[in-house]
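The following report introduces a structure to a reader who has not met it before. Please look over the sequence and the model first.

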2 protein chains.
Amino acid sequence: MNLQSPILSRLKKDAGTIFHSGLEAVEPETAIYRHCKRKGDNLFIGNKNYNLSKYENIYLIGAGKAASPMTFAMETLLNDKLTGGVAVVKYGHFSKSNTIKIIEAGHPVPDENGLKGAESIMQVANKAGENDLIICLISGGGSALLPFPAPGITLEDKQTTIKILLACGAAIHEINSIRKHISGIKGGLLAQAAYPASFISLILSDVVGDDLDIIASGPSVPDSSTYKDCMDIVARYGISKKLPYAVFRHLQNGLKGLIPETPKPQDPIFNKTGNLIIGSNMEAIRSAKIKAQNLGYNTLILSSMIQGETREAARMHAAIAKEIRKTGHPLSPPACILTGGETTVTISGNGKGGRNQEFALAAAIDIDGHENIVIFSAGTDGTDGPTDAAGAVADTTTIKRASAKKTNAQKCLSNNDAYHFFQSINDLVITGPTHTNVMDLRIILVG
Amino acid sequence: MNLQSPILSRLKKDAGTIFHSGLEAVEPETAIYRHCKRKGDNLFIGNKNYNLSKYENIYLIGAGKAASPMTFAMETLLNDKLTGGVAVVKYGHFSKSNTIKIIEAGHPVPDENGLKGAESIMQVANKAGENDLIICLISGGGSALLPFPAPGITLEDKQTTIKILLACGAAIHEINSIRKHISGIKGGLLAQAAYPASFISLILSDVVGDDLDIIASGPSVPDSSTYKDCMDIVARYGISKKLPYAVFRHLQNGLKGLIPETPKPQDPIFNKTGNLIIGSNMEAIRSAKIKAQNLGYNTLILSSMIQGETREAARMHAAIAKEIRKTGHPLSPPACILTGGETTVTISGNGKGGRNQEFALAAAIDIDGHENIVIFSAGTDGTDGPTDAAGAVADTTTIKRASAKKTNAQKCLSNNDAYHFFQSINDLVITGPTHTNVMDLRIILVG
């Protein structure tokens with residue numbers, strides 16, 4: 001059954017084109033080359049010029065899902081000037097390097113290899129001297145790939161602590177304060193280890209809002225929270241008895257001044273430390289916007305910070321699409337609304353899917369029977385949940401076309417089975433791995 | 001503790017002003033007078049002219065939460081020309097009328113008085129002749145206030161049927177098809193009873209999307225669904241044995257042609273029937289927009305059709321507000337984003353609140369620690385859940401101010417206790433009953 005009008009077919013094709021334009025802007029090598037230019041001995045990073053001949057050693061360190069292509073691009077730029085270094089990548093992401101040690105490690109669950117990788121990176125940081133430069137490449141997954149608990153605390157202690165904090169209703173900034181104070185690398189400690197070497201982090205952000213102290217828990221970013229804040233949080237939620245004893249003792253020792261504080265914003269370390277975001281969700285959205293405008297759409301960027309329960313965010317996207325059709329608010333058709341960020345799925349069924357596919361399914365239900373609306377959602381890493389799809393695309397005929405294949409939308413949604421739903425009507429978005437990750441893109445098109 | 005900057009105080013004051021401007025536009029009497037003008041014997045309703053001297057009798061009927069003030073305004077306009085009529089209002093909304101019978105009845109749970117009221121209204125419709133005019137005033141709650149099951153079906157049968165349809169996952173348009181086919185007044189049957197009299201419905205919409213066939217289940221609107229559709233739905237969800245027998249038999253008799261169908265769009269009835277929306281959520285939003293612009297805000301209407309789980313919709317509003325602060329998308333500050341519609345709350349706690357208060361609380365958590373953001377949410381009826389508040393207003397200091405009063409936002413949210421949360425910091429929005437209802441207004445202001 002082909003219910004799709006030429007307008008709908010056009011909108012769906014355009015959604016794919018707009019998505020790919022967003023992807024291109026945040027491809028890791030592209031991101032490095034866009035923000036870093038080499039001219040002779042000068043390496044321009046952002047608006048800063050690093051004279052490479054000035055340094056005795058130049059080290060490259062990195063961790064994250066995009067560490068392989070980022071490292072490759074930076075190695076190419078540094079070429080003969082590179083002394084050596086270490087990059088920690090996900091299993092299966094190994095790529096040979098002549099000058100850099102590449103370590104594969106566990107993600108999303110940290111493992112022994114990750115501990116070894118973090119140690120190697122700390123060794124590089126510690127040995128670098130005043131006349132050395134460290135370039136650090138951070139991307140999504142960097143936190144899990146670089147587990148390095150403070151002395152006396154195990155990986156398991158750390159994980160238990162986070163679970164307790166989540167369960168007692170602590171706010172995310174409270175959890176982060178404690179996370180940084182029980183780590184040996186996060187909360188600015190990597191930059192502290194590197195000091196007095198010069199240090200610059202290039203960051204591909206996979207975090208909503210791009211907060212530097214959140215991405216990989218801010219290894220090169222000042223931490224304004226203190227051990228006293230941590231103990232206040234412990235007291236506020238009455239969890240002193242629940243925490244692993246090693247964690248509680250560590251925080252208490254910190255409060256007593258027996259352990260040094262995390263580096264604070266005014267610390268001289270940060271005169272020699274830089275952080276630059278070279279790729280982000282908003283950068284992908286901006287590129288997508290230009291493509292949409294070129295395709296003739298009235299275009300609006302709504303927010304790169306969408307979070308929360310997927311199917312509910314989808315409903316709000318559908319509500320905006322329907323308003324465009326009905327009254328021309330917030331834009332007149334042909335209209336394109338772009339959003340980004342990363343939602344979550346509370347799983348209650350046993351189907352197959354991912355947040356982007358579930359987003360498209362929930363949206364499809366709400367736009368059913370309306371006209372000329374397409375809602376596209378896909379992950380920029382090309383992987384949506386445990387599936388081979390990046391996401392899916394919904395339109396105003398999706399529900400009817402699925403019905404004709406005896407596929408019920410409500411049942412699939414209840415069972416978190418968006419993959420089989422969209423597979424049945426051939427509306428999965430499949431890109432293969434993109435080797436980047438700046439969260440998700442969503443595209444509403446109204447003709 | 002006063003953490004509020006002059007900017008925040010100004011934003012909060014403006015939010016209230018903008019909300020009240022939205023309210024004024026949909027006040028029931030204002031809505032009637034704006035859309036209906038009397039000049040001598042001519043009554044102009046929308047773009048149509050009714051010559052009152054042409055009719056032998058002019059009847060006024062109505063039902064809904066705003067029936068009292070709507071009736072009063074229309075009585076004033078018709079004055080000497082009015083023959084009589086009936087209005088069904090909520091208990092406590094009685095107001096004396098010299099020419100119209102006012103009946104108080106149960107809402108939201110229909111009762112015997114509602115049955116009597118519906119009968120009286122059907123009697124007026126049935127007795128009206130070809131040279132008579134019926135003016136019908138519909139507002140939110142009209143469906144519950146006018147229970148009139150088809151012959152042989154009880155109120156309880158109807159309610160059981162709706163519950164079964166909701167539980168089996170039927171879509172809302174499927175539920176509505178069956179709802180209309182087991183009613184004696186909905187799905188165009190009131191207009192059919194009135195025929196051949198002239199009939200005009202003036203409608204204050206409390207329904208997302210303002211679909212005429214949904215508001216009060218469309219008593220004067222053609223129904224394109226059929227008994228065959230209803231039996232297909234029953235088969236699709238395998239509920240033939242679950243439905244009350246009287247309902248199943250009624251639908252089966254309809255399928256066999258033993259009971260007449262609901263009137264269809266091409267039916268000549270509708271040549272003498274008109275429907276005009278005189279107040280809606282979008283009308284309130286448009287008025288709010290003008291006020292916001294006059295106050296100097298860059299203003300965007302996002303959607304009047306927001307539905308879904310309240311706290312999740314709130315998160316998306318917060319995400320948009322934060323993006324405005326960070327990148328100036330979708331608007332540069334000072335910015336005002338307006339949305340409408342009606343969300344739902346899945347209750348898991350035993351606190352006190354309503355969807356608008358819970359919206360403000362969830363938004364407050366997400367904007368905590370940011371700067372110069374106010375998020376306001378209130379019901380246009382002045383009543384939010386079982387509270388004396390219409391809603392609440394959140395800002396970027398809300399969480400801190402509540403903390404200082406030992407009130408924890410996450411705990412209150414988990415316990416659906418937004419009322420006590422905002423009461424503690426004096427940020428409830430209290431208007432008293434407004435005697436109108438076009439769902440909710442939400443106002444994001446970013447300075």
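The text below treats the domains, the interfaces and the cysteines in turn.

**Domains of chain A**

The model is predicted. Chain A is divided into two domains, each assembled from separate stretches of sequence: domain 1 takes 6–23 + 282–446, and domain 2 takes 28–148 + 183–225 + 262–279. Taken over C-alpha atoms, the centres of domain 1 of chain A and domain 2 of chain A lie 34 Å apart. Where these domains touch, domain 1 of chain A contributes twelve residues and domain 2 of chain A contributes 14 residues.

About 990 Å² is buried between domain 1 of chain A and domain 2 of chain A, and carbon and sulfur atoms give 58% of this area. Of the area that domain 1 of chain A buries against domain 2 of chain A, 49% is supplied by A:Glu283, A:His435 and A:Asn437, more than by any other three residues. A:Glu283 also takes part in a salt bridge, its side chain meeting that of A:Arg34 at 2.7 Å, N to O. Across the interface of domain 1 of chain A and domain 2 of chain A, one salt bridge is found, together with one residue pair in polar contact, both residues at pLDDT 80 or more. The side of domain 1 of chain A that touches domain 2 of chain A consists of four nonpolar, five polar and three charged residues.

**Chain B against chain A**

The contact between the two chains takes 34 residues from chain B and 34 residues from chain A. One of the salt bridges is formed by the side chains of B:Lys326 and A:Asp210, at 3.1 Å from N to O. The table sets out the computed values for both interfaces.

| Interface | Buried area | Share from carbon and sulfur | Salt bridges | Residue pairs in polar contact (both at pLDDT 80 or more) |
|---|---|---|---|---|
| Domain 1 of chain A and domain 2 of chain A | about 990 Å² | 58% | one salt bridge | one residue pair |
| Chain B and chain A | about 2,900 Å² | 60% | two salt bridges | ten residue pairs |

**Cysteines**

How many disulfides does the structure hold over all chains? The count is zero. For B:Cys412, the closest cysteine sulfur belongs to A:Cys168 and is 16 Å away, which is too far for a bond, because a disulfide requires sulfur atoms within 2.5 Å. B:Cys412 has a relative accessible area of 10% and therefore counts as buried, the limit being under 20%. A:Cys336 is likewise buried, because its relative accessibility is 0%.

Conventions:
Residues are numbered from 1 along each chain as its sequence is written. Chains are lettered from A and ligands numbered from 1 in the order in which they are written. This is a predicted model: local features need pLDDT of at least 70, side-chain atom pairs count only at pLDDT 80 or more; totals for chains, interfaces and linings use all residues. Side-chain values use heavy atoms; hydrogens and water are left out. Domain bounds come from an automatic or database domain assignment. Contact means heavy atoms within 4.5 Å. Buried area is the accessible area (1.4 Å probe) that two parts lose on being put together, summed over both. A salt bridge is a side-chain nitrogen of Lys or Arg within 4 Å of a carboxyl oxygen of Asp or Glu. A polar contact is a pair of N or O atoms within 3.5 Å; within protein, one must be able to donate a hydrogen and the other to accept it, and residues adjacent in sequence count only if both atoms are side-chain atoms. Ala, Val, Leu, Ile, Met, Phe, Trp, Tyr, Cys and Pro count as nonpolar, Asp, Glu, Lys and Arg as charged, and the others, Gly among them, as polar. Buried means under 20% relative accessible area, exposed over 50%, partly exposed in between (1.4 Å probe, protein chains only).
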